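New to this one? Take a look at the sequence and the model, and then we'll walk through some of what can be read from them.

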Amino acid sequence: MQILTQPQTEHHLPLAALLPALEQMFTTGCEVPLRHHHAIPGRSTDEDGILLLMPAWQTGQRLGVKTVSIFPGNARQGLPGLHSVYILYDARTGQPLAVLDGDTITSRRTAAASALPAQLAPDLEAAVRRADIVSCATLSTAPLIQGAWLQPGTHLDLIGSFTPAMRESDGECLRRATVFTDTTEALLKAGDLLGAIAEGAWSTDRLAATLEQLCHQQHPGRRSADEITLFKSVGSALEDLAAACLAYDGFCAG
């Protein structure tokens, strides 16, 4: 079994290669069960955490599982709020192939799935009002982006929230936008969607398409220059498997 350090995982996951690898995985498809979500109580509510187990596999090819620990209170200790490890197996035999840096896989595949841009802005509202693309990657439990700030033609990426209690946008964002998700699991887990539904601002029948449907060209995507589009990601184990396979194959190839 190979062990890929963080630098090695990064080296073998160039975005130029990862983007087509994700598209290929969404096109060919793989089995992605619902993630396992476990609350980890701490000595106080400030130390409470979450454990995620995210499996995926392609029959006769590769099997992988990512373990993710989320402890928002880590910031007070100068530690990241998220840590993850990825284990890759041979799906024909169950033989472990490699352990990879899950944090790198998560950050790279999330960026690739959302095709991020990014810059530092001291005034959030002013920045959103002049931006063509807005990406949120936080652990917020209250809306950060207001739909009234979005200008015609804006694209909004919401990739931080992954539980019903987390939220990065208000209902007006979804009411005004054409909404896409990475998978249909977002309809069950994303506080942005569930909150907007509860407020009567959005409904599941307004979901335009998933990434799989976009990759199969079952939806044209943006249809006009003035259309406001929104992508809600909760993360997919399919993306992790594609990234892990790319990194492992690159590592083995030398």
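What follows is a short tour of sheets, a helix, the core, the cysteines and one leucine.

Keep in mind that this is a predicted model.

**An open sheet**

Let's begin with the strands. Six of them form an open sheet with mixed pairing, in the order β1-β6-β5-β4-β3-β2. The edges belong to β1 (2–3) and β2 (36–40), and each has a single partner strand, so one side of each is left without a neighbour in the sheet. The partner relation of β2 and β3 (residues 49–57) is antiparallel, with five bridges joining the two. One of the bridge pairs there is Ala-39 with Ile-50, the latter in β3.

**Around strand β8**

Next comes β8 (residues 155–158), a strand covered on both faces. His-155 and Asp-157 are buried on one side, and Leu-156 and Leu-158 are buried on the other. Strand β7 (residues 133–136) runs parallel to β8 and is joined to it by four bridges. Strand β11 (residues 229–232) also runs parallel to β8, again with four bridges. For a feel of who faces whom, Cys-136 is opposite Leu-158 of β8, while His-155 has Thr-229 of β11 as its bridge partner.

**Helix α9 and the core**

Helix α9 covers residues 237–252. With 16 residues at 1.5 Å a residue, α9 should span 22 Å, and its end C-alpha atoms are indeed 22 Å apart. At the N-terminal end, Ser-236 acts as a cap: one of its side-chain oxygens lies 3.1 Å from the backbone nitrogen of Leu-238. Just after the helix, Gly-254 has a positive phi of about 85 degrees.

The buried residues of α9 include Leu-238, Leu-241, Ala-244, Cys-245 and Tyr-248, along with the charged-letter pair Glu-239 and Asp-240. Which residues have the most contacts inside the largest nonpolar core? That core has 59 residues, and the answer is Leu-88 and Leu-100. The element that gives the most to this core is α9, with nine residues. Leu-100 touches Ala-244, Ala-247 and Tyr-248, and its other contacts beyond four places in sequence include Leu-4, Val-85, Leu-88 and Ile-105. As a general matter, nonpolar side chains tend to be buried together in soluble globular proteins.

**Cysteines without a bond**

How many disulfides does the structure hold? It holds zero. A disulfide needs two cysteine sulfur atoms within 2.5 Å, and the table shows how two of the cysteines fall short.

| Cysteine | Closest cysteine sulfur | Sulfur distance | Relative accessible area |
|---|---|---|---|
| Cys-173 | Cys-136 | 8.3 Å | 0% |
| Cys-215 | Cys-30 | 12 Å | 21% |

Both of these distances are too far for a bond. As for their surroundings, Cys-173 is buried, whereas Cys-215 is partly exposed.

**One leucine up close**

Finally, is Leu-194 buried or partly exposed? Leu-194 is partly exposed, because its relative accessible area is 28%. You'll find Leu-194 in helix α7 (residues 191–198). Leaving aside neighbours within four places in sequence, Leu-194 is in contact with Pro-164, Leu-187, Leu-188 and Lys-189. Leu-194 and Arg-167 are 27 residues apart in sequence, with 9.2 Å between their C-alpha atoms.

Technical notes: Residues are numbered from 1 along each chain as its sequence is written. This is a predicted model: local features need pLDDT of at least 70, side-chain atom pairs count only at pLDDT 80 or more; totals for chains, interfaces and linings use all residues. Side-chain values use heavy atoms; hydrogens and water are left out. Buried means under 20% relative accessible area, exposed over 50%, partly exposed in between (1.4 Å probe, protein chains only). Two strands pair if DSSP finds at least two bridges between them. The expected span of a helix is 1.5 Å times one less than its number of residues. A polar contact is a pair of N or O atoms within 3.5 Å; within protein, one must be able to donate a hydrogen and the other to accept it, and residues adjacent in sequence count only if both atoms are side-chain atoms. Contact means heavy atoms within 4.5 Å. A nonpolar core is a set of buried Ala, Val, Leu, Ile, Met, Phe, Trp, Tyr and Cys residues joined through side-chain atoms within 4.5 Å.
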